[in-house]
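Student: Got a minute to go through this one with me? I'd like to start with the overall fold and then poke around.

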Amino acid sequence: MKAKEQFEEKMKKKKGKFWIWMMLSVIFRLLMIYFPNLNLSSRPEVSTPLTSIHRLAEGYWLKQSSMSPYTGSMYHGSPLLLSLLGPLTVKRIEGQPDHLLCSFAFVVADVLSALLIRGIGQNLQRAYYQSLKLLKVNLSKNSEIFPAGDIASLVYVWNPFTIVACVGLSTSPIENLAIVLTLYGASKGQVPLAAFGFVMATHLSLYPVILIIPVILLLGNGLDAPPRKFFERSFSRVIEGPSSDSCSQQEEVINQPEVPKGFSLRPVIYFLLWVSLFSVYLLLLCGVSLKQFGGLWEMFRSTYGFILTVQDLSPNIGILWYLFAEVFEFFRDFYLIVFHINILFMILPLSIRLHHRPLFLAFVLLSILAMLKSYPSVGDSALYLSFMGLFVDELVDLEFSFFLFCGYIGISLLSPVMHNLWIWRGTGNANFYFANAMAYACFQIVLVVESVSTMLNHDRKLRKLSAVKHS
């Protein structure tokens with residue numbers, strides 16, 4: 001009884017520390033917003049043609065002037081985002097920084113995302129401990145600092161990438177919130193919430209459409225767990241194992257935890273129906289918003305068409321801008337197909353190999369998108385790095401972790417230096433900045449490969465421990 005009280009008191013202290021760190025992250029963001037001359041909104045690592053608040057403000061001004069917001073080549077985002085954030089870009093408070101209300105909206109989006117990530121982590125850790133209990137394996141070690149969900153949440157709010165995306169007035173926090181909402185709804189089994197988040201995330205940036213695979217696996221199979229055959233094998237050993245007392249054997253079978261159920265199709269069908277309903281409603285809203293400016297076709301051409309054809313070759317932390325600036329026009333369509341098909345080719349093998357771990361599959365797919373999407377930003381990297389914190393127990397043996405940590409820091413510091421040498425000082429050229437982008441992509445590749453390898457090794461370790469336990 002005394003040990004239980006000590007454990008509860010310890011958990012209360014951890015919760016108190018978590019909320020203190022959350023409040024400090026909000027205060028730090030507000031201080032950064034008021035800090036003069038940062039000018040992060042002009043950084044190519046932070047703002048892209050799809051996430052720049054200045055482009056959104058330009059699109060809103062065009063719409064208020066009775067012109068299409070997609071006139072020219074400035075705005076390429078959602079018309080609904082234009083209606084929500086556009087009015088905040090024109091409101092000024094005397095003596096306060098520009099776009100202050102937009103900054104507050106992005107801070108709120110970051111906090112909501114962090115809390116949803118925490119909820120995902122709590123559900124995931126509960127499922128993880130339940131799986132170990134079913135396998136009768138004592139492998140888990142409670143963090144002396146915070147649980148996995150709290151760690152992932154704090155990684156998100158204190159990640160420098162998240163902070164500069166928020167303070168730099170990028171719309172990435174809104175896109176990240178939609179993605180997190182999707183995975184939170186799927187992990188909780190709340191089908192309408194997952195469908196709403198999925199439709200919004202896909203509408204805002206198109207690429208999250210590939211998350212439909214982990215979402216379906218989450219709804220059908222449940223949260224991440226070791227492969228189902230592990231449980232069936234351990235259960236069969238209990239039944240077939242020798243026992244001198246038939247009564248004791250029967251009692252052991254009765255007390256044996258239930259093997260996880262197979263794939264359930266009903267929530268998946270509900271999810272697809274809700275996605276269809278929300279999609280129709282969203283298209284109706286967009287059609288009404290753009291009725292005077294070319295309708296839905298204008299939106300598709302200027303948003304999804306702009307994303308898929310890589311029309312804007314302004315520098316960013318990705319690699320496509322340089323490649324399409326150098327490639328011959330005759331081969332442009334071929335390389336467009338190659339780079340976009342490359343993302344699709346990775347989905348099937350990863351989904352087959354990681355079907356029992358849908359949230360980890362979502363982390364891997366988000367990492368791939370951050371590497372290969374047309375207009376990546378640091379906000380994309382902030383999201384998958386926070387999801388990595390959900391698997392601190394499984395990825396404890398990750399190799400090259402210190403090397404990757406130093407690499408991310410080095411790339412983050414070198415990127416503005418290379419951009420300054422190229423654009424402002426004129427002592428460098430585009431190769432300087434592209435080399436930095438290539439190194440960044442390589443570090444992300446190493447992170448994905450090592451993470452997948454470590455997770456698979458963790459499953460093998462569970463299999464061996466379970467086999468020893470039931471032998």
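Tutor: Sure, let's take the fold, the empty spaces and a few single residues in turn. Keep in mind that this is a predicted model.

Student: How many helices and strands are there in the protein?

Tutor: The protein has 20 helices and 0 strands.

Student: And what percentage of the residues count as buried?

Tutor: Of its 471 residues, 51% are classed as buried. On contacts, if you take those between residues at least 6 apart in sequence, 77% of them join residues at least 24 apart.

Student: Let's talk pockets. What's the volume of the largest pocket?

Tutor: The largest pocket comes out at about 1,000 Å³. Its lining has 36 residues, and those nearest the centre are Asn159, Pro160, Phe161, Leu385 and Tyr408.

Student: Which helices supply at least two residues of that lining?

Tutor: That would be H5 (148-158), H6 (160-167), H18 (378-388), H19 (401-424) and H20 (430-470). H19 gives the largest share, with 10 residues.

Student: How does the lining of the largest pocket divide into nonpolar, polar and charged?

Tutor: It has 27 nonpolar residues, 7 polar ones and 2 charged ones.

Student: Now the closed-off spaces. How many cavities of 30 Å³ or more does the structure hold?

Tutor: There are 5 of them, and the largest cavity holds about 120 Å³ of space. Its lining includes Glu175, Asn176, Lys373 and Asp380, along with Tyr207 and Leu383. Helices H7 (172-188), H17 (358-372) and H18 each give two or more residues to that lining.

Student: What's the charged count there?

Tutor: For the largest cavity, 3 lining residues are charged, next to 7 nonpolar and 2 polar.

Student: Switching topic: how many disulfides turn up?

Tutor: Searching the whole structure gives 0 disulfides.

Student: Take cysteine 102, then. Buried or exposed?

Tutor: Cysteine 102 is buried, because its relative accessibility is 0%. Cysteine 406 has a relative accessible area of 36%, so it counts as partly exposed.

Student: I also noticed a proline at 87. Where does it lie?

Tutor: Proline 87 is in helix H3, which runs over residues 79-90. Its relative accessibility is 24%, so proline 87 is partly exposed; the cut-off for buried is under 20%.

Student: What does proline 87 touch, setting aside residues up to four places away in sequence?

Tutor: Tyr60 and Leu82. Also, the C-alpha atoms of proline 87 and alanine 57 are 8.6 Å apart, with their positions 30 residues apart along the chain.

Student: And where is the place of serine 41?

Tutor: Serine 41 sits in the loop between H1 (2-34) and H2 (53-64). This serine 41 still counts as buried, because its relative accessibility is 12%. Beyond neighbours within four places in sequence, serine 41 contacts Ser47, His54, Gly168 and Leu169.

Student: Last one, helix H12. How far apart are its end C-alpha atoms?

Tutor: They are 35 Å apart. H12 covers residues 266-289, and its 24 residues at 1.5 Å a residue should span 34 Å, so the two values agree.

Student: Which residues of H12 are buried?

Tutor: Pro267, Val268, Phe271, Val275, Leu282, Cys286 and Ser289. Those buried residues pack against H2, H3, H8 (191-205), H9 (212-221) and H13 (295-302).

How values were computed:
Residues numbered from 1 in each chain as written. Predicted model: local features only at pLDDT ≥ 70, side-chain atom pairs only at ≥ 80, totals over all residues. Heavy atoms only, no water. 1 Å grid on protein atoms, 1.4 Å probe; cavity = no way out; pocket = protein on both sides within 12 Å on 5 of 7 lines; lining within 4 Å. Points joined across faces, edges and corners; volume = space filled by probe spheres on them. Helix = DSSP H or I, 4+ residues; strand = E, 2+ residues; numbered from the N terminus. Nonpolar A, V, L, I, M, F, W, Y, C, P; charged D, E, K, R; others polar. Disulfide = S-S within 2.5 Å. Buried < 20%, exposed > 50% of the residue type's maximum accessible area, 1.4 Å probe, protein only. Contact = heavy atoms within 4.5 Å. Expected span 1.5 Å × (residues − 1).
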